[in-house]
Amino acid sequence: MNKLFIKFFCLFFLIIFVSSYAQTQTKENIVAEIANSKITDKEFLYRLELSPFITHKSAWNQDSLKSDFLYSLVAERLWYLDALEKGLANSEEFRFYFKPLEDIFLRDALFKKEIEEKIKLSADDIALAINKAQYRIISKIISSTDSTLIFDLYQKFQSIENKDSLLTSKQFSAITANQFEITIGLLKDEEVENYLFTLSPNDFTAPIKSEVGWVIFFIQDRLFTPIDISDQKATNRIKSIVRNRRIMKRTNEYLQEILGNITINIDEEAFKIAANKIYERLKTLSESKQDTASLLLSDNDYRIIKAELGEENLNKELFRIKNQKVSIWDFLANLAFEEHRFQSSEKNYVFQKLNRIVKDFVQQQYLTFEAKRLKLDKQKNILDELELWKQNYLAQLNKISYLDSARITEDDLTNFTKSLSSNNNQVVYVNLKILTLNSLQEMENILKQLTEGKSFDEITTQFGKTDSLVNENSETGLQPAFALGDIGTIAINLKLNQVYGPIRRANGYSLVMVKEKKNSNDSISIANESTKEKLRSFLFQKKLNEVVSKKTIQLAQKYNAKVYEDVALKTKTTGIQMFVHRLMGFGGRIAGVPLLDNWADWIDTKKLKEVMLP
């Protein structure tokens with residue numbers, strides 16, 4: 001028998017296969033033209049409905065939302081074209097973040113070819129599955145790691161009627177017995193499941209070797225719950241259970257086929273060089289943070305690590321797959337892509353965690369190598385999907401390249417301080433409620449609750465303090481907007497009780513709501529260095545917005561961009577935005593579509609419209 005695994009609890013994953021909108025749209029209409037490229041209503045809708053996107057102007061209004069999203073999509077395409085001209089696609093920074101994405105797409109394509117496409121369900125498979133789905137088996141699961149003891153129990157089971165008396169006897173006190181309800185798909189081993197569903201009450205199995213030791217199933221009841229086979233949703237769910245289990249089995253077999261006899265040695269010296277630098281950075285990070293329960297290296301942390309390692313160390317061979325070298329640089333790129341969190345900066349913990357990660361990385365790279373060997377990297381559908389991500393990555397990278405042009409000098413700070421003393425200039429004070437979570441998947445659930453009518457106050461009360469800027473009530477307290485950095489910049493444009501976000505920040509993703517807002521002519525002292533740095537961050541964000549807005553208008557003119565806003569506004573949507581995770585073959589997940597930056601909050605859309613009228 002195959003190994004048996006009993007699921008004592010259920011894990012639910014959001015698995016959404018995004019279908020083509022061509023099924024509902026017979027004709028693709030153009031919503032924008034940029035140089036020689038076009039953005040269709042199909043792409044517009046595809047990105048819009050699978051992206052959490054709220055701007056201070058949209059405020060949940062669908063027309064405003066569509067408009068802001070359209071101009072953000074156009075801005076992304078403009079900055080992408082500019083990035084191509086600058087040669088950023090060949091830069092080390094782009095390759096660092098894009099190569100792991102290419103690799104995961106290749107592994108997913110390999111999974112489809114070698115696993116999914118080889119799973120075929122026969123009519124008999126489906127009939128058997130539907131029959132099993134109509135029953136619930138109530139069974140005692142009797143287990144022990146002592147094979148002699150459990151086989152002794154099995155022998156006595158065959159000659160005694162009151163089996164429960166045996167289970168409570170002193171002789172078998174080391175054996176555990178728990179009652180479970182077994183339904184289709186609960187057991188990993190389909191062969192065992194098929195056998196159990198043929199048994200009647202009071203029947204029992206011989207001891208079965210499993211991952212938890214030896215197991216006897218003692219059937220207590222068999223409950224019939226008929227299924228309406230005309231219910232397509234119910235039958236599809238049953239088929240999915242069978243198919244997913246077959247996929248899991250085939251995956252294990254395939255991995256054994258290609259990895260079972262392979263030995264890949266990790267260079268210990270190269271691993272230690274990388275691990276030491278990661279540990280040192282995590283230690284520095286933990287010393288500067290109050291909450292060190294979950295440490296996540298940021299983009300800037302990886303830039304520092306790479307700079308400290310230097311080109312020679314980054315190019316050191318970590319391991320080799322046939323004739324292909326995998327370097328420390330490759331390992332760091334994958335580590336950044338997967339966003340691993342560290343629960344401690346203690347050296348032994350960091351090294352042990354990295355050791356587990358690098359072993360998984362070896363398997364990932366071998367699968368990537370196999371996908372390339374089969375030339376899956378030449379498939380048009382993969383190239384087309386990657387093109388969307390390439391546009392998104394390069395546009396963001398291009399925007400980041402303008403950071404230096406928005407740096408704030410001491411003169412800028414002095415001039416702003418003087419302006420605060422003028423009676424003609426009012427300072428905006430805000431009290432913000434902030435919720436910061438680690439992942440967009442968590443944030444998607446919050447957005448769903450908001451659309452269903454749950455108040456932001458209720459949600460923040462449930463989570464408590466999640467951000468360093470807030471108190472125990474999740475509020476910043478009334479203070480100058482500039483003292484809240486980039487969030488303060490955004491808050492100036494928000495209305496009272498308006499929710500904005502999610503905002504990508506170093507410590508996660510944030511939703512913001514303005515609880516109070518007022519203007520004041522009171523003079524403000526910024527002698528404190530902390531306040532001064534917050535002011536610098538505020539002015540930096542303000543200046544960067546101006547730089548990006550001006551550059552976007554220049555690019556729109558350069559690439560002769562035309563926008564057909566009326567076409568976009570007529571596009572039918574569900575009105576529900578969601579963040580979708582796409583689970584990738586052989587492990588890992590990515591966003592269902594590239595997440596669009598809120599460019600509409602960086603640019604002057606009114607001026608942009610003027611230069612892009614058809």
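**Entry 1: α9 against α11**

I started with the packing of helix α9 (residues 268-287) on helix α11 (residues 328-338) in this predicted model. I got an angle of about 40° for the pair, and the axes are 10 Å apart. Oblique angles are those left over once 65 to 115 degrees is called roughly perpendicular and under 35 or over 145 roughly parallel or antiparallel, so α9 is oblique to α11. The crossing of α9 past α11 comes out right-handed.

Next I pulled the residues that touch. From α9 I have Ala270, Ile273, Ala274 and Ile278, and they meet Ile328, Phe331, Leu332 and Leu335 of α11. What classes do the residues of this contact divide into? I counted 8 nonpolar, no polar and no charged in the contact of α9 with α11. The spacing of the numbers made me recall the textbook rule: with 3.6 residues a turn in an α-helix, residues three or four places apart point the same way.

**Entry 2: how covered is α11?**

I stayed on α11 and checked burial. Of its 11 residues, 9 are buried, which leaves the helix mostly covered. My list of buried residues in α11 runs Ile328, Trp329, Asp330, Phe331, Leu332, Ala333, Asn334, Leu335 and Ala336. Which elements do the buried residues of α11 pack against? I found the helices α3 (92-114), α9, α10 (299-314) and α12 (347-373), along with the strands β8 (317-321) and β9 (324-327).

**Entry 3: the two ends of α11**

I looked at the N-terminal end and found that Ser327 caps it. A side-chain oxygen of Ser327 sits 3.3 Å from the backbone nitrogen of Trp329. Past the other end, just after α11, I noted that Glu339 takes a positive phi of about 50°.

**Entry 4: α11 against α12**

I ran the same check on α11 and α12. Here the angle is about 105° and the axes are 11 Å apart. The two helices are therefore roughly perpendicular to each other. On the α11 side I have Asp330, Phe331, Asn334, Leu335 and Glu338 making the contact, and on the α12 side Leu354, Ile357, Val358, Phe361 and Gln364. By class, I get 6 nonpolar, 2 polar and 2 charged residues for the contact of α11 with α12. I see Phe331 and Leu335 in this contact, and both also turned up in the contact with α9.

**Entry 5: positive phi in loops**

I then went after odd backbone angles, since most residues other than glycine have a negative phi. Lys322 has a positive phi of about 55° and is not a glycine. I placed Lys322 in the loop between β8 and β9. Is Lys322 buried or exposed? It counts as exposed, at 54% relative accessibility.

Asn202 is another one I wrote down: it is not a glycine, yet its phi is positive at about 80°. Asn202 belongs to the loop between α7 (190-196) and β5 (208-210). I have Asn202 as exposed, with a relative accessible area of 54%.

**Entry 6: a buried lysine**

Lys433 caught my eye in strand β11 (residues 427-437). With a relative accessible area of 5%, Lys433 is buried, because under 20% is the cut-off. What does the side chain of Lys433 have as a polar partner? I found the backbone oxygen of Asn473 at 2.8 Å from a polar atom of that side chain. Leaving aside neighbours within four places in sequence, I listed the contacts of Lys433; among them are Phe456, Asp457, Thr460, Ser474, Glu475, Leu511 and Met513.

**Entry 7: two single-residue checks**

I looked up Thr168 in the loop between α6 (163-167) and β4 (176-182). Thr168 counts as exposed at 70% relative accessibility. Its side chain reaches the backbone oxygen of Ser165 at 3.1 Å.

I also checked Glu444 in helix α15 (residues 440-451). Glu444 counts as buried at 16% relative accessibility. Its C-alpha atom is separated by 9.0 Å from that of Pro502, and the two residues are 58 residues apart along the chain.

**Entry 8: whole protein**

Last, I took the totals. I have 20 helices and 17 strands for the protein. Buried residues make up 48% of its 614 residues. Among contacts with a separation of 6 or more, I found that 77% are between residues 24 or more positions apart.

Terms used. Residues are numbered from 1 along each chain as its sequence is written. Side-chain values use heavy atoms; hydrogens and water are left out. Axes are lines fitted to C-alpha atoms, for helices over the stretch in contact, and angles run from 0 to 180 degrees between N-to-C directions. Helices (H or I, at least four residues) and strands (E, at least two) are DSSP runs, numbered from the N terminus. A crossing is left-handed if the near helix is turned anticlockwise from the far one by less than a right angle, and right-handed if clockwise. Contact means heavy atoms within 4.5 Å. Ala, Val, Leu, Ile, Met, Phe, Trp, Tyr, Cys and Pro count as nonpolar, Asp, Glu, Lys and Arg as charged, and the others, Gly among them, as polar. Buried means under 20% relative accessible area, exposed over 50%, partly exposed in between (1.4 Å probe, protein chains only). A polar contact is a pair of N or O atoms within 3.5 Å; within protein, one must be able to donate a hydrogen and the other to accept it, and residues adjacent in sequence count only if both atoms are side-chain atoms.
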